[in-house]
Structures are given as C-alpha cells and as structure tokens.
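Trainee: I've got this model open and I'd like to go through the labels people put on it. Can we take them one at a time and check each against its cut-off?

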Amino acid sequence: MRTAQVALLAALSLVVSACGLRVDSSQVKLATGAAEGSGGGGGGGGFSAGGGGATSSAGGAAGGVAGSSGAAAGNGGAAGNSGSGGGGGGSGGTTTTLPAGGNGGASDVGVTATSITVGNVSDLGGPVPGLFQGGPYGTQAYFDYINQTQGGVFGRKLQLKAADDGLQCNQNEASYQNLVNQVFAFVGSWSLDDNCGASQVMAQHPDVPLVQEALSPQMGGLPNEYSIAPFAYGANTGPFLYFKSKFPDVVQSVGTLVGNQPAAVASAKGIEAAMQSVGYKIIYEDDFPPAQSNFTADVVRMRSSNVKEVFLQAVNAPDAADLAQEAAQQNWKPALWHCPVCYFAGYIPESGGGSNVEGQYLSVIQELFLGEDAASVPEVALFDQWIKQSYPDFQPDQFADTSWADAALFVQALKAAGPHLTRKAVLSALGGMHSYSDNGMFPTTDVGSKTPGTCYILLEIKGGKYTRIDDPPTGFRCDGTYFHAND
C-alpha cells in the first residue's frame, strides 16, 4: 500500500511531498517497535537520546538510547541563509538557561521543572510499515541537538512520546485521545488519517499546540495548528509557468498517475486545477490501486495517447522510480518528465540508474539535504549531522527534514514564551511568527497567518546527480502565485 503516502502533497504544495520510503526489515522493526513501546534500540535505535528519550503512548520505552557519540554542534546553531529572502528562526536562536528564580516547575500539562513532554502521532506500522518514520526521527534528532548542546529550554529537557496509528482512522483518534491530557503539545506528526484525530479529539482542545504538517483540511483548519508548510489545496503556479515557457507545446499533452486514496485524489485535483489555470491539459490519468507495483501498462497507454509530459506529484517516489524504470525498459522518453516527489536518496538507483532518469526535472521547496547544500547552508549541515548521529542507519527524507524544521519552530516558540511555560503563551508566540525559515533551510514562511509560499528550487538530474538549474546562487526562486483550488 505504498501509494498511501501521496496524501501529504496538499500540505506541502509542490515539494515536501511523498518522497517515499523503502525501508529494510530492521528499520521497519525499529519504527513499529518504537511506536509500540517494544524497544529496538541499537545503533541509533528508537525515539530517544540525551534528553530522556521518547516513549510510546502506551508508556513503554520507545527503543534504546540513540547513538549520539559524534561531536556536538556548537551552541549557537546555524546561521541564516542570505539567499532565503529573510526570515530566521530555528537552531540559531538564543541558548536558554535556568533562570535564577527557577522556571516555575509544573506550569502546565506535560511540563515539570526538568522536562517538557510532547506527542507525535504518525503512520509507522500497519499496511505500510515505516511510512512516515522520518517524522518522529526528525523531531527527535532536533530535540537531541537542543538537549545535548543547550541543556534543553530554560532547564527543561525535551521528551517525545510517539504513537503509531497504523494507517487507521480509529487508531489515530485513539492516539490523540490517549496523549492529549499527557503531553504539552504535538510536534512533527505525519498521518494520512489526521482528519480523524482532528475532528474527533483536537477540535475540542484548541488550547493544545499542534506544530506539525496537516494532511487534511480538518487538521489544517484548526486554529492551534502551525507549521513550516501551511496546509492548502492547490499549488504554486511558478514551476508550471517555468516549464510552460520552456516546453509550450508539451504542456498540452500531460499524463499523470494518482494513488487511489481519498486524500491523494483530492490533493491531485487541487494540483491539476492549478496546472489547468495556466494552460496545461491533462490527457491521461490513472488512479491506480494501492497494491499495484507494475506500471508497464501505463507506459504503453501514455505512449499510445501521445503523452508529451509526465507529471508525478500524487504518487510516492518508489512508485515513481518503478514508472521511470519501466519507461526506460520500453524505450519511451517523453519530452518532459517533471517529478517533484523524486528528491530522495533511493530514487536514482531504484529507477535503474542515472541513464534511466537523465534529464528529468524536479521542483522542491527545501534546501538540498542529501549532501548538496550542507556547505552553503549551515542549518542543512546541522540537520545532516544530527539525523545521522541519532539514527545512523536512516536515509534522510523530506518527512525528517520537515519535522526537524517544525521541531525548531516549536522550540523557538518555547523560548519566546519564557521560562514560566504555558500552552497559551506558546500559541501566542506561534501566532506572532510571520517570518520563519529555519535559518534558510526552507523559504521564509508566514507561520502565524498560515500563508502557503511561492518559493522553490528547480533541479535537473544530470549524470546521476541532482543539479540546480535557473536558480539563484543561494536560496530560492520566488515567482508565480498560489492557486487555491477551493476558492
């Protein structure tokens, strides 16, 4: 059921999308075992590290202590990226210490004098094991960084309680219900069923901060939900206008695949509406079932339909890799292949090698974290260091990258709220953040107003590597407008 990943597309515009996971059995065991409280540990094991670690919602230890033997990052964190268009926030914030008069002790739910406990509800087990493993991993990696280099926030270490909803609506609801009166906030969650927990539980708790990516209008519409990539149905027209200018005839003959999962289909319709608003024409679409793993028939039909552009947004990246490999086997190469979901470590090898994907294009909304931008964007280097240090066997993905940025957003709000911590103060701080980029790792975002952005990076696969094209030397290009499909 790999196609279940695709519903996150609406939440992340055209980029921090279903980058896909193909995890080995040990990673699956780790992710599911950690969420169920059955341990796992070992070489960067479950959701734990220096600050006391994460536990499952059932109260069991969520894996062993993460491998954190590497050198600690400097307390000052990362500097902003001059090409980010302004905005800061994130790891470069002020280091906080325990005030002389204390921090107020147990000032709210989930808060003690020495800890702040937050929850995370993600799809980890169920029919797609390891689906959003990067969510709690990225969150915990950031907490490890704060706990080990800054001693926590105002003397309080950050702890994570992770729950696995198993891709089940009722389990999502139950997980939020179980945690809501135990934790101070929810941070870094990823679930295709977050509408269930949102409508049935969190709608009744508008006082609880939710700093995570919403994958449904029910979650995204809550007044207490904030993130680096605000939820909206639709897409930025910028990348579509760019490719239209380069391939004016091609965009009249577009073929696409959509994972047949309700949230994915709804997301795809919003994106297609944005494409059509600037003159694209979809002539082939296959809403394929979750169990499908071979796309040769789609290749044959797209070629016979004279598809000139393949656009892949509402699929996960492993499925996109399968399609690319099967297209190469059929010796079919359309004039334009635009795949925003295809930035992840396994895409090129899983497609059969660089020659099969040579000349494919991507549009992404985060600085490149697979090694390309670590030298020029210190926050990317910090993420790369700590995700590797906390989880040595995990290949970084967009879920981890985005949850890191959301965890940094949460910590910035904690610092702004001050030592006498309350949920109300954190929500007030989040609502007042109108220029946040996690030190240039993402485009500057108006978090408080929940405004989707129009900045991105263009990539082309050349010689088996992701290469920037027509972008500023640093940072992002910002053009087009955000097309809201529900307007």
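Mentor: Sure, start with C455: at 17% relative accessibility it counts as buried, because buried means under 20% relative accessible area, exposed over 50% and partly exposed in between, with a 1.4 Å probe and protein chains only. Bear in mind that this is a predicted model, where local features need pLDDT of at least 70, side-chain atom pairs count only at pLDDT 80 or more, and totals for chains, interfaces and linings use all residues. Residues are numbered from 1 along each chain as its sequence is written, and side-chain values use heavy atoms, with hydrogens and water left out.

Trainee: What makes C478 partly exposed?

Mentor: The relative accessible area of C478 is 49%, so it falls in the partly exposed class.

Trainee: How do you know that C455 and C478 form a disulfide?

Mentor: Their sulfur atoms are 1.9 Å apart, and a disulfide is a pair of cysteine sulfur atoms within 2.5 Å. C455 lies in strand β13 (residues 455-462) and C478 in strand β15 (residues 477-478), so the bond ties together parts 23 residues apart in sequence. Strands here are DSSP runs of E with at least two residues, helices are runs of H or I with at least four, and both are numbered from the N terminus.

Trainee: Which hand does the link of C455 and C478 have?

Mentor: Right-handed, with 110° about the S-S bond.

Trainee: How many disulfides does that rule give?

Mentor: Three. Counting bonded cysteines along the chain, the pattern is 1-2, 3-4, 5-6.

Trainee: What makes C169 and C196 a pair?

Mentor: Their S to S distance is 1.9 Å, which fits the disulfide rule. This link is left-handed, at -115° about the S-S bond. C169 sits in helix α3 (residues 169-179) and C196 in helix α4 (residues 194-200), so parts 27 residues apart in sequence are tied together. C169 is partly exposed at 36%, while C196 is buried at 4%.

Trainee: And C339 with C342, are those cysteines buried or exposed?

Mentor: Buried: C339 has a relative accessible area of 1%, and C342 has 0%. The disulfide between C339 and C342 has an S to S distance of 1.9 Å, and with 60° about the S-S bond it is right-handed.

Trainee: On to the helices. Why are α8 and α9 called oblique to each other?

Mentor: The axes of α8 (residues 296-304) and α9 (residues 317-329) come within 9 Å and cross at roughly 60°. Under 35 degrees counts as roughly parallel, over 145 as roughly antiparallel, 65 to 115 as roughly perpendicular and the rest as oblique, so α8 and α9 are oblique. The axes are lines fitted to C-alpha atoms, for helices over the stretch in contact, with angles from 0 to 180 degrees between N-to-C directions.

Trainee: Which residues make the contact between α8 and α9?

Mentor: T296, V299 and M302 of α8, and L323, E326 and A327 of α9, where contact means heavy atoms within 4.5 Å.

Trainee: Then what makes α2 and α12 roughly perpendicular?

Mentor: The axes of α2 (residues 134-150) and α12 (residues 378-390) cross at roughly 100° and come within 9 Å, so the pair is roughly perpendicular. In that contact, residues of α2 including Y137, A141 and Y145 meet residues of α12 including L382, W386 and I387.
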